[in-house]
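Colleague: Please take a close look at the aromatic rings and the core around them. I would like one connected account.

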Amino acid sequence: MDYIDYKILKELKANAREKASVISEKIGLSVSTVIDRIRKMEDSGIISGYTVEINQKKTGNDMTALMEVSLEHPKYYDEFTDMIRNNPNIVDCYYLTGEFDFILKVITDSSDSLEMIHRNIKSMDGVSATNTHFVLKSVKNEFSILPNIEKD
């Protein structure tokens with residue numbers, strides 16, 4: 001990857017449906033070169049897919065919580081992560097260092113639903129502690145494309 005690839009990724013990040021012709025105008029390359037570079041990034045796995053950004057509030061899922069979870073022992077890891085993968089309300093899960101083993105991002109429609117998810121997690125074999133935080137507002141929600149490509 002080079003500086004040009006990062007510029008293409010930045011444009012696709014802003015709008016994954018952007019036409020190659022528009023990207024080529026913005027970054028000063030031919031359309032065929034942009035298409036070729038995008039294909040190479042797809043083939044190499046740098047671009048692993050295209051997605052849609054969903055406004056959760058408009059779908060009725062306006063409650064977001066972050067839940068820290070500790071396990072008693074690493075032997076519970078597989079069972080716990082299987083449960084996480086199969087719960088559609090848990091949209092992100094990170095395995096951590098520090099006091100807690102995992103942090104989960106839970107998106108749901110109500111406090112009752114969140115309580116059920118919380119109760120389900122707390123009752124799992126091996127879960128020793130949880131700490132839940134309600135998200136009041138999302139200040140920044142994006143992924144990073146490194147390095148900083150603001151130089152022109």
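Modeller: Here is the aromatic cluster, followed by the core. This is a predicted model: local features need pLDDT of at least 70, side-chain atom pairs count only at pLDDT 80 or more, and totals for chains, interfaces and linings use all residues. Residues are numbered from 1 along each chain as its sequence is written, and side-chain values use heavy atoms, with hydrogens and water left out.

Start with the pairing rule. Rings of Phe, Tyr and Trp (its six-membered ring) pair if their centres lie within 6.5 Å; planes under 30 degrees apart are stacked, over 60 edge-to-face, and the rest tilted. That rule gives 4 aromatic pairs. Take Tyr 77 and Tyr 95: the centres are 5.1 Å apart and the planes stand at 65°, so this pair is edge-to-face. Tyr 77 sits in helix α4 (residues 77-85) and Tyr 95 in strand β2 (residues 90-95), so the pair ties together parts 18 residues apart in sequence. Helices (H or I, at least four residues) and strands (E, at least two) are DSSP runs, numbered from the N terminus.

Now exposure. Buried means under 20% relative accessible area, exposed over 50%, and partly exposed in between (1.4 Å probe, protein chains only). Tyr 77 is partly exposed at 29%. Tyr 95 is exposed at 55%.

Next come Phe 80 and Phe 102. Their ring centres are 4.7 Å apart with planes at 40°, so the pair is tilted. This pair also links distant parts of the chain: Phe 80 is in helix α4 and Phe 102 in strand β3 (residues 102-108), 22 residues apart. Both Phe 80 and Phe 102 are buried. Together, Tyr 77, Phe 80, Tyr 95 and Phe 102 make one aromatic cluster.

Phe 80 leads into the core. A nonpolar core is a set of buried Ala, Val, Leu, Ile, Met, Phe, Trp, Tyr and Cys residues joined through side-chain atoms within 4.5 Å. The largest one has 17 residues, of which Val 69, Phe 80, Leu 104 and Ile 121 touch the most other members. At least two residues each come from β1 (63-71), α4, β3 and α5 (111-122). The largest share, 4 residues, is from β1. Contact means heavy atoms within 4.5 Å. Beyond neighbours within four places in sequence, Phe 80 contacts Val 69, Leu 71, Phe 102, Leu 104, Ile 121, Met 124 and Val 127. Another core lies apart from this one; its 10 residues include Leu 9, Ala 20, Ile 38 and Met 41.
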